[in-house]
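Work through the exercises below with the sequence and the model side by side. Try each task before you read its solution.

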Amino acid sequence: MGTLESPYWPAMYSGKTSCLWNITVAPSERINLYFVDLNTENCHHSRVTVQDDKEVIGVYCRLQSPSVVHTAKNNLVVQFINEGTPGGRFRMNYNTGKIG
């Protein structure tokens, strides 16, 4: 249904970078977020934060990410922040599924 990528994908992102995605689906659906590639610096300098509405599901960096994240609500917020040097990238795909 959709893809989230770091700037300049598949090349590495540049220096200080910030990206924000807000995905909302029908109230009867939930979002499945699949990590295809996550190769960033340490969490202090570069991280992907995933939120279900306003609750943080996880903060991911380096090569540490789940293969999939399922939301409990119909809203997903993904934020990428790089406060360090260039040299990483990420890619995530998402789709939806019905409740029940």
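**Exercise 1. Find how many disulfides the structure holds, and place each partner.**

Solution. Search the whole structure: one disulfide turns up. The criterion is a pair of cysteine sulfur atoms within 2.5 Å. Cys43 and Cys61 meet it, with sulfur atoms 1.9 Å apart. Next, place the partners. Cys43 sits in the loop between β3 (29-39) and β4 (46-52), and Cys61 in the loop between β5 (55-60) and β6 (68-70), so the link ties together parts 18 residues apart in sequence. Strands here are DSSP runs (E, at least two residues), numbered from the N terminus. Then take the torsion: -90° about the S-S bond makes the link of Cys43 and Cys61 left-handed. Last, check accessibility. Buried means under 20% relative accessible area, exposed over 50%, and partly exposed in between (1.4 Å probe, protein chains only). Cys43 is partly exposed because its relative accessibility is 31%. Cys61 is buried, at 3%.

A note on the ground rules. This is a predicted model, in which local features need pLDDT of at least 70, side-chain atom pairs count only at pLDDT 80 or more, and totals for chains, interfaces and linings use all residues. Residues are numbered from 1 along each chain as its sequence is written, and side-chain values use heavy atoms, with hydrogens and water left out.

**Exercise 2. Explain why Cys19 forms no bond with Cys61.**

Solution. Start from the sulfur of Cys19. The closest cysteine sulfur is in Cys61, 16 Å away, and that is too far for a bond. Now the surroundings: Cys19 is buried, with a relative accessible area of 16%.

**Exercise 3. Which elements have the lowest and the highest mean pLDDT?**

Solution. pLDDT is the predictor's confidence in each residue, from 0 to 100. Begin with the chain: the average is 89, and 99% of the residues score at least 70. Then go element by element. β6 has the lowest mean, 91, and strand β1 (residues 2-5) the highest, 96.

**Exercise 4. Examine the backbone of Tyr8 and the peptide bond between Trp9 and Pro10.**

Solution. Recall the background first. Most residues other than glycine have a negative phi, and most peptide bonds are trans. Tyr8 is not a glycine, yet its phi is positive, about 75°. Tyr8 lies in the loop between β1 and β2. At 56% relative accessibility, Tyr8 is exposed. Move on to the peptide bond: Trp9 and Pro10 are joined in cis, with omega about 5°. Pro10 is in the loop between β1 and β2 (17-24).

**Exercise 5. In what order do the four strands of the open sheet run?**

Solution. Two strands pair if DSSP finds at least two bridges between them. The order is β2-β7-β4-β5, and the pairing is antiparallel. β2 and β5 are the edge strands, each pairing on one side only. From one strand to the next, the twist averages 15°. Now zoom in on one pair. β4 and β5 run antiparallel and are joined by five bridges. Asp52 has Glu55 of β5 as its bridge partner.

**Exercise 6. Which residues does Pro66 touch, leaving out those up to four places away in sequence?**

Solution. Locate Pro66 in the loop between β5 and β6. With a relative accessible area of 26%, Pro66 is partly exposed. Contact means heavy atoms within 4.5 Å. By that test, Pro66 touches Phe35 and Tyr60. Add one C-alpha distance: Pro66 and Tyr34 are 32 residues apart along the chain, and their C-alpha atoms are separated by 8.1 Å.

Definitions and conventions:
Axes are lines fitted to C-alpha atoms, for helices over the stretch in contact, and angles run from 0 to 180 degrees between N-to-C directions.
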